[in-house]
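Let's take a look at one stretch of strands and the pocket that goes with it. Have the structure open while you read.

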Amino acid sequence: MTVSLIPGMRYGLLALALLATGLAHAQRVERPTMQIGDRWKYETKDGLTQLLTGQTERIITAVGSEQIEATENGLPARYTLDFNPLETPENRFDPASRALSFPFAPGDTWRHDGKVAYKSTGAEGRNQYSVRVVGPETITVPAGRFDTVKLVMEGYVTLHVMGSSRSTPFVRTYWYAPAIKAYAKIDNDARNAKWTAELIETSIKP
């Protein structure tokens, strides 16, 4: 059976289709353009006691064709162009961590399986996880109120020590704010590793 639409209905459906396409496009997050001097400062609190456990200030120092250089609390760090860490003052990743994968939109997913070296102890481990883009959410942190995209990472961290291995499951929820080119908030939930990091200061070049 063939069903014919009256002209008004046809144009109405076309308008709805165009609107839906526009909304999907508007939620698509493109890779930001990093600038030398872009700066973010976070404070981290224990997830159980809410006591302050540390602060991290990250500043872009160079932007190349293959990677981004920065400092974390004055110490050198290297990132991919998607701003995933290759090396921080604490860890070295092979391949780079993949918390972000531009461009992304609600419903997108990706996986990561990589090695991590812990500089302070010399231990090695493995990160295995999947990331799911949940959708838009407006949140308030000490640095202000931001329109963000919520992402959820779920997986395992496996630590290799003295010939033995131990895997720990974790769930990490983070809110990426396009206006500041970075996270506004991160919640980590794992055995013996519950913490929250929130943006307290930022200065971004257009």
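Strands β9 and β10 make a hairpin with two residues between them, and in that turn M162 has a positive phi of about 50 degrees. Keep in mind that this is a predicted model. β9 covers residues 144-161, while β10 runs over residues 164-177. The two pair in the antiparallel sense, with 13 bridges. If you want one pair to click on, try T158, whose bridge partner in β10 is S167.

β10 also pairs with β11 (residues 182-190) in the antiparallel sense, this time over eight bridges. Here R172 sits opposite N188 of β11. This hairpin has four residues between its strands, and K181 takes the positive phi, near 65 degrees.

Here are the two hairpins side by side:

| Hairpin | Residues between the strands | Residue with positive phi |
|---|---|---|
| β9 and β10 | two residues | M162, about 50 degrees |
| β10 and β11 | four residues | K181, near 65 degrees |

Now for the pocket. The largest one holds about 1,500 Å³ of space. Which residues come closest to its centre? They are N91, F93, R172, N188 and W195, out of 43 that line the pocket. You've already met two of these: R172 and N188 stand opposite each other across β10 and β11.

Which strand gives the most to the lining of the largest pocket? That's β10, with six residues. As for the chemistry of the lining, 25 residues are nonpolar, eleven are polar and seven are charged.

Technical notes:
Residues are numbered from 1 along each chain as its sequence is written. This is a predicted model: local features need pLDDT of at least 70, side-chain atom pairs count only at pLDDT 80 or more; totals for chains, interfaces and linings use all residues. Side-chain values use heavy atoms; hydrogens and water are left out. On a 1 Å grid over the protein atoms alone, a cavity is a set of points where a 1.4 Å probe fits but cannot get out, and a pocket is an open set with protein on both sides within 12 Å along at least five of seven lines; lining residues have an atom within 4 Å of a point. Grid points are joined across faces, edges and corners, and a volume is the space filled by probe spheres set on the points. Ala, Val, Leu, Ile, Met, Phe, Trp, Tyr, Cys and Pro count as nonpolar, Asp, Glu, Lys and Arg as charged, and the others, Gly among them, as polar. Two strands pair if DSSP finds at least two bridges between them.
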